[in-house]
Amino acid sequence: LEILVTILNENDNSPVFEWPSLNRTVPEDTKLYATILAREELSASDADLDTIYYELTTTVQDTDGYFAIKGVNNPEVYLQKALDYDKFNSTTLLLYARDRPVGSQDPTNTATATITIIIEQSDTRAPWFLPCTFIHTDTSVCISGPYAGRVNISELATDPLLLEPGPIYAVDPDYTIKDRIVYSIVGGNTDNVFSVDADTGNLTMNKIVTSPESFLLQVMASQASNIRKYSVASVEIKVINKSNYPPYFEKGIYTGTVLVGLAPGSFVYQAEDPSRPLLITAADDDFPDV
(Lines give C-alpha, C1' and ligand atoms only; values in the text may rest on other atoms or scores of the structure.)
Protein backbone atom coordinates (compact mmCIF):
# COMPACT_ATOMS: atom_id res chain seq x y z
CA LEU A 1 0.00 0.00 0.00
CA GLU A 2 1.52 3.34 -1.08
CA ILE A 3 0.44 6.32 1.03
CA LEU A 4 1.05 9.91 -0.17
CA VAL A 5 1.46 12.35 2.73
CA THR A 6 1.25 16.12 2.05
CA ILE A 7 2.72 18.37 4.75
CA LEU A 8 0.97 21.74 4.99
CA ASN A 9 3.20 24.71 5.75
CA GLU A 10 2.17 26.35 9.01
CA ASN A 11 2.83 30.05 9.53
CA ASP A 12 5.11 29.52 12.51
CA ASN A 13 8.06 31.76 11.53
CA SER A 14 8.38 35.54 11.71
CA PRO A 15 10.02 37.64 9.02
CA VAL A 16 13.67 38.45 9.74
CA PHE A 17 15.65 41.56 8.78
CA GLU A 18 19.32 41.00 8.07
CA TRP A 19 19.99 44.45 9.56
CA PRO A 20 17.39 45.31 12.24
CA SER A 21 19.13 48.63 12.92
CA LEU A 22 20.52 50.92 10.21
CA ASN A 23 22.06 54.41 10.16
CA ARG A 24 22.24 56.61 7.08
CA THR A 25 23.60 60.16 6.54
CA VAL A 26 21.67 62.14 3.94
CA PRO A 27 22.91 65.48 2.47
CA GLU A 28 20.40 68.31 2.82
CA ASP A 29 20.41 68.98 -0.93
CA THR A 30 19.59 65.37 -1.91
CA LYS A 31 17.37 65.37 -4.99
CA LEU A 32 13.74 64.39 -4.70
CA TYR A 33 12.93 60.72 -5.30
CA ALA A 34 16.57 59.70 -4.79
CA THR A 35 17.07 56.31 -3.16
CA ILE A 36 18.17 56.53 0.47
CA LEU A 37 18.29 52.81 1.28
CA ALA A 38 18.26 50.12 -1.41
CA ARG A 39 15.81 47.24 -1.47
CA GLU A 40 18.62 44.74 -0.94
CA GLU A 41 19.54 46.35 2.38
CA LEU A 42 16.01 46.28 3.74
CA SER A 43 14.35 43.16 2.42
CA ALA A 44 13.27 40.69 5.09
CA SER A 45 13.27 36.90 4.72
CA ASP A 46 10.68 34.42 5.93
CA ALA A 47 11.38 30.72 6.54
CA ASP A 48 7.76 30.02 5.66
CA LEU A 49 8.37 31.57 2.23
CA ASP A 50 5.42 33.90 2.72
CA THR A 51 5.03 37.14 0.76
CA ILE A 52 6.33 40.03 2.87
CA TYR A 53 4.30 43.24 3.27
CA TYR A 54 6.12 46.42 4.35
CA GLU A 55 5.06 49.61 6.10
CA LEU A 56 7.19 52.67 6.95
CA THR A 57 6.43 55.10 9.79
CA THR A 58 8.32 57.86 11.59
CA THR A 59 8.72 58.37 15.32
CA VAL A 60 9.82 62.03 15.27
CA GLN A 61 7.25 64.81 15.27
CA ASP A 62 7.06 67.06 12.18
CA THR A 63 9.16 64.71 10.03
CA ASP A 64 6.27 62.81 8.43
CA GLY A 65 6.14 62.67 4.66
CA TYR A 66 9.83 63.17 3.92
CA PHE A 67 10.68 59.50 3.40
CA ALA A 68 8.62 56.71 1.84
CA ILE A 69 8.97 53.18 0.45
CA LYS A 70 8.50 52.25 -3.19
CA GLY A 71 5.60 49.87 -2.53
CA VAL A 72 3.93 47.53 -0.11
CA ASN A 73 6.18 44.70 -1.33
CA ASN A 74 9.22 46.89 -2.06
CA PRO A 75 10.94 48.35 1.03
CA GLU A 76 13.34 50.63 -0.88
CA VAL A 77 13.35 53.99 0.97
CA TYR A 78 13.41 57.19 -1.10
CA LEU A 79 13.14 60.95 -0.47
CA GLN A 80 9.73 62.35 -1.40
CA LYS A 81 9.96 65.84 0.18
CA ALA A 82 12.81 68.38 0.06
CA LEU A 83 14.95 68.49 3.20
CA ASP A 84 15.68 71.62 5.25
CA TYR A 85 18.44 71.34 7.85
CA ASP A 86 16.93 74.19 9.89
CA LYS A 87 13.66 72.30 10.29
CA PHE A 88 15.22 69.05 11.50
CA ASN A 89 18.60 67.38 11.30
CA SER A 90 17.68 63.81 12.23
CA THR A 91 14.74 61.45 12.34
CA THR A 92 14.00 57.81 13.15
CA LEU A 93 11.98 55.56 10.87
CA LEU A 94 10.39 52.22 11.68
CA LEU A 95 10.07 49.67 8.89
CA TYR A 96 7.58 46.86 9.57
CA ALA A 97 7.69 43.52 7.73
CA ARG A 98 4.54 41.35 7.99
CA ASP A 99 3.74 37.98 6.51
CA ARG A 100 0.12 38.97 5.98
CA PRO A 101 -1.38 42.15 4.49
CA VAL A 102 -2.31 44.96 6.87
CA GLY A 103 -5.85 44.34 8.14
CA SER A 104 -5.75 40.59 7.49
CA GLN A 105 -7.77 38.47 9.92
CA ASP A 106 -5.23 35.65 9.73
CA PRO A 107 -2.54 35.34 12.42
CA THR A 108 0.33 37.65 11.42
CA ASN A 109 4.00 37.67 12.36
CA THR A 110 5.87 40.96 12.30
CA ALA A 111 9.49 42.12 12.33
CA THR A 112 10.67 45.70 12.86
CA ALA A 113 13.79 47.48 11.59
CA THR A 114 14.89 50.85 13.02
CA ILE A 115 16.38 53.34 10.55
CA THR A 116 18.16 56.43 11.90
CA ILE A 117 18.50 59.25 9.35
CA ILE A 118 21.07 62.00 9.98
CA ILE A 119 20.68 65.14 7.83
CA GLU A 120 23.98 66.70 6.76
CA GLN A 121 23.85 70.44 6.08
CA SER A 122 24.76 71.38 2.50
CA ASP A 123 26.15 74.59 1.07
CA THR A 124 22.82 75.93 -0.17
CA ARG A 125 22.80 79.60 0.91
CA ALA A 126 24.66 82.73 -0.09
CA PRO A 127 26.29 84.88 2.61
CA TRP A 128 24.17 87.15 4.82
CA PHE A 129 25.23 90.71 5.59
CA LEU A 130 24.59 91.57 9.24
CA PRO A 131 22.51 92.87 10.83
CA CYS A 132 19.64 91.35 8.91
CA THR A 133 15.96 90.56 9.48
CA PHE A 134 14.17 87.29 8.78
CA ILE A 135 11.12 87.35 6.54
CA HIS A 136 8.21 86.48 8.81
CA THR A 137 8.98 83.09 10.38
CA ASP A 138 11.16 81.83 7.53
CA THR A 139 14.71 81.53 8.86
CA SER A 140 16.14 80.62 5.46
CA VAL A 141 16.03 84.21 4.15
CA CYS A 142 17.53 87.16 6.05
CA ILE A 143 17.33 90.66 4.52
CA SER A 144 19.90 93.34 5.37
CA GLY A 145 19.64 97.07 4.83
CA PRO A 146 22.28 99.40 3.36
CA TYR A 147 25.33 100.63 5.24
CA ALA A 148 26.06 104.35 5.56
CA GLY A 149 29.09 106.43 6.48
CA ARG A 150 30.69 109.86 6.08
CA VAL A 151 34.06 111.27 5.09
CA ASN A 152 35.36 114.83 5.29
CA ILE A 153 36.03 116.64 2.06
CA SER A 154 39.75 117.16 1.31
CA GLU A 155 40.81 115.00 4.27
CA LEU A 156 42.31 111.51 4.19
CA ALA A 157 41.01 109.21 6.92
CA THR A 158 43.71 106.79 8.06
CA ASP A 159 41.49 104.51 10.17
CA PRO A 160 38.71 102.23 8.88
CA LEU A 161 35.53 104.19 8.25
CA LEU A 162 32.79 104.10 10.88
CA LEU A 163 29.54 102.88 9.35
CA GLU A 164 25.93 102.54 10.42
CA PRO A 165 24.34 100.28 11.56
CA GLY A 166 27.78 98.72 12.05
CA PRO A 167 30.90 97.50 10.25
CA ILE A 168 30.58 95.60 6.98
CA TYR A 169 30.23 92.01 8.07
CA ALA A 170 28.82 88.88 6.42
CA VAL A 171 28.53 85.26 7.51
CA ASP A 172 27.92 81.91 5.86
CA PRO A 173 24.40 80.95 7.02
CA ASP A 174 25.23 77.28 6.44
CA TYR A 175 26.69 77.41 9.93
CA THR A 176 28.01 73.87 10.13
CA ILE A 177 30.08 74.60 7.00
CA LYS A 178 30.98 78.19 7.96
CA ASP A 179 32.98 78.97 4.84
CA ARG A 180 35.40 81.93 4.95
CA ILE A 181 33.96 85.17 3.53
CA VAL A 182 35.94 87.33 1.08
CA TYR A 183 35.00 91.00 0.50
CA SER A 184 35.47 93.16 -2.61
CA ILE A 185 34.13 96.41 -4.06
CA VAL A 186 32.32 95.69 -7.33
CA GLY A 187 30.70 99.05 -8.10
CA GLY A 188 30.43 102.76 -7.33
CA ASN A 189 34.10 103.27 -6.43
CA THR A 190 34.74 106.28 -8.65
CA ASP A 191 38.44 107.10 -9.08
CA ASN A 192 39.31 104.17 -6.77
CA VAL A 193 38.88 106.31 -3.65
CA PHE A 194 38.08 103.42 -1.32
CA SER A 195 39.42 99.95 -0.54
CA VAL A 196 37.88 97.08 1.39
CA ASP A 197 39.91 94.56 3.36
CA ALA A 198 39.27 91.18 1.76
CA ASP A 199 39.25 89.38 5.11
CA THR A 200 37.72 91.86 7.59
CA GLY A 201 35.41 93.98 5.42
CA ASN A 202 36.93 97.19 6.84
CA LEU A 203 36.49 100.12 4.45
CA THR A 204 39.41 102.56 4.12
CA MET A 205 40.36 105.55 1.95
CA ASN A 206 43.06 105.51 -0.72
CA LYS A 207 42.94 109.23 -1.47
CA ILE A 208 41.15 112.42 -0.50
CA VAL A 209 37.81 113.48 -1.97
CA THR A 210 37.58 116.94 -3.50
CA SER A 211 33.95 116.82 -4.64
CA PRO A 212 30.90 116.91 -2.34
CA GLU A 213 29.16 114.19 -4.34
CA SER A 214 28.28 111.06 -2.38
CA PHE A 215 29.48 107.55 -3.22
CA LEU A 216 27.19 104.54 -3.49
CA LEU A 217 29.49 101.56 -3.23
CA GLN A 218 28.52 97.99 -4.02
CA VAL A 219 30.40 95.57 -1.74
CA MET A 220 30.32 91.87 -2.53
CA ALA A 221 30.74 89.13 0.08
CA SER A 222 31.55 85.76 -1.49
CA GLN A 223 32.46 82.37 -0.08
CA ALA A 224 36.17 81.56 -0.36
CA SER A 225 35.51 78.05 -1.69
CA ASN A 226 32.71 78.99 -4.08
CA ILE A 227 32.57 82.50 -5.57
CA ARG A 228 29.13 81.70 -7.02
CA LYS A 229 27.78 81.90 -3.48
CA TYR A 230 27.77 85.68 -2.96
CA SER A 231 25.69 88.65 -1.80
CA VAL A 232 26.01 92.38 -2.53
CA ALA A 233 25.35 95.22 -0.08
CA SER A 234 25.06 98.96 -0.74
CA VAL A 235 27.29 101.37 1.19
CA GLU A 236 26.45 105.07 0.92
CA ILE A 237 29.38 107.36 1.77
CA LYS A 238 28.44 111.02 2.16
CA VAL A 239 31.11 113.66 1.69
CA ILE A 240 30.76 116.50 4.22
CA ASN A 241 32.67 119.49 5.49
CA LYS A 242 34.78 118.71 8.53
CA SER A 243 33.01 119.19 11.83
CA ASN A 244 35.16 120.87 14.49
CA TYR A 245 32.45 121.32 17.08
CA PRO A 246 29.80 119.02 18.48
CA PRO A 247 26.16 120.16 18.50
CA TYR A 248 24.73 121.34 21.81
CA PHE A 249 21.33 122.14 23.28
CA GLU A 250 20.74 125.86 23.75
CA LYS A 251 19.22 125.31 27.20
CA GLY A 252 20.19 122.85 29.91
CA ILE A 253 16.60 122.18 31.02
CA TYR A 254 13.35 122.42 29.08
CA THR A 255 10.10 122.44 31.04
CA GLY A 256 6.73 121.72 29.50
CA THR A 257 3.17 121.14 30.56
CA VAL A 258 0.31 118.93 29.32
CA LEU A 259 -3.30 118.48 30.30
CA VAL A 260 -4.61 115.17 31.61
CA GLY A 261 -6.49 113.19 28.97
CA LEU A 262 -4.90 114.73 25.89
CA ALA A 263 -4.93 112.55 22.79
CA PRO A 264 -1.64 111.11 21.49
CA GLY A 265 0.10 113.57 19.17
CA SER A 266 -1.06 116.65 21.09
CA PHE A 267 1.37 119.53 21.67
CA VAL A 268 3.39 119.94 24.84
CA TYR A 269 3.34 123.63 25.86
CA GLN A 270 5.94 125.77 27.57
CA ALA A 271 5.52 125.84 31.32
CA GLU A 272 6.24 129.57 31.47
CA ASP A 273 3.96 130.36 28.53
CA PRO A 274 1.15 127.76 28.14
CA SER A 275 0.01 129.41 24.90
CA ARG A 276 3.21 128.48 23.05
CA PRO A 277 4.36 124.95 22.10
CA LEU A 278 7.52 123.72 23.77
CA LEU A 279 10.50 123.83 21.37
CA ILE A 280 13.73 121.95 22.02
CA THR A 281 16.53 123.57 20.00
CA ALA A 282 20.16 122.77 19.39
CA ALA A 283 23.01 124.65 17.72
CA ASP A 284 26.34 123.81 16.08
CA ASP A 285 29.21 126.28 15.91
CA ASP A 286 30.29 124.76 12.59
CA PHE A 287 27.12 126.34 11.18
CA PRO A 288 26.72 129.67 13.00
CA ASP A 289 24.21 131.03 10.52
CA VAL A 290 21.80 128.09 10.70
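Which residue is the bridge partner of Val-26 in strand 9? The partner is Ile-119. The legends below describe close-up views of a predicted model.

**View 1. Strand 2 and strand 9 in a mixed open sheet of 4 strands.**
The strands of this open sheet follow the order 2-9-8-5, and their pairing is mixed. Strand 2 (21-27) and strand 5 (53-58) occupy the edges with a single partner strand each, so one side of each has no neighbour in the sheet. From one strand to the next, the twist averages 25°. Strand 2 runs parallel to strand 9 (residues 110-120), and 7 bridges join the two. Val-26 and Ile-119 form one of the bridge pairs.

**View 2. Strand 7 and its antiparallel partners, strand 3 and strand 6.**
Strand 7 (residues 74-79) is mostly covered, with 6 of its 6 residues buried. Asn-74, Glu-76 and Tyr-78 point one way from the strand, whereas Pro-75, Val-77 and Leu-79 point the other way. Strand 3 (residues 35-37) is joined to strand 7 by 2 bridges in an antiparallel arrangement, and Leu-37 has Val-77 as its bridge partner. Strand 6 (residues 67-71) also runs antiparallel to strand 7, through 4 bridges. A hairpin of 2 residues connects strand 6 to strand 7, and Gly-71 stands opposite Asn-74.

**View 3. The salt bridge between Lys-70 and Glu-76.**
The side chains of Lys-70 and Glu-76 meet at 2.8 Å, N to O. Lys-70 is partly exposed, because its relative accessibility is 45%. Glu-76, by contrast, has a relative accessible area of 15% and is therefore buried.

**View 4. The salt bridge between Glu-41 and Arg-24.**
The closest N and O atoms of Glu-41 and Arg-24 are 2.8 Å apart. This pair links distant parts of the chain, with Glu-41 in helix 1 (residues 39-42) and Arg-24 in strand 2, 17 residues apart. Both residues are partly exposed: Glu-41 has a relative accessibility of 28%, and Arg-24 has one of 25%. The whole structure contains 9 salt bridges.

**View 5. The open sheet of 5 strands and the salt bridge between Glu-155 and Lys-242.**
The order of the strands is 14-13-20-19-16, with mixed pairing. Strand 14 (163-164) and strand 16 stand at the edges, each with a single partner strand, so that one side of each lacks a neighbour in the sheet. Strand 13 (residues 147-152) and strand 14 run antiparallel and are joined by 2 bridges; Ala-148 of this pairing stands opposite Glu-164. The side chains of Glu-155 and Lys-242 form a salt bridge at 3.5 Å, N to O. Glu-155 lies in the loop between strand 13 and strand 14, and Lys-242 in the loop between strand 20 (226-240) and strand 21 (248-249), so the pair ties together parts that are 87 residues apart in sequence. Glu-155 is partly exposed at 30% relative accessible area, as is Lys-242 at 46%.

**View 6. The surroundings of Asp-174, a buried residue without a salt bridge.**
Asp-174 is located in the loop between strand 15 (170-171) and strand 16 (181-187). Arg-125 is the nearest side chain of opposite charge, at 4.3 Å, whereas a salt bridge requires a separation within 4 Å. The side chain of Asp-174 does reach the backbone nitrogen of Thr-124, at 3.1 Å. Leaving aside residues up to four places away in sequence, Asp-174 touches Gln-121, Ser-122, Asp-123, Thr-124 and Arg-125. Arg-125 belongs to a network of salt bridges with Asp-84 and Asp-86.

Conventions. Residues numbered from 1 in each chain as written. Predicted model: local features only at pLDDT ≥ 70, side-chain atom pairs only at ≥ 80, totals over all residues. Heavy atoms only, no water. Buried < 20%, exposed > 50% of the residue type's maximum accessible area, 1.4 Å probe, protein only. Lys, Arg positive; Asp, Glu negative; His and termini not counted. Polar contact = N/O pair within 3.5 Å; in protein donor to acceptor, adjacent residues only side chain to side chain. Contact = heavy atoms within 4.5 Å. Pairing = 2+ DSSP bridges. Axes fitted to C-alpha atoms, helices over the stretch in contact; angles between N-to-C directions.
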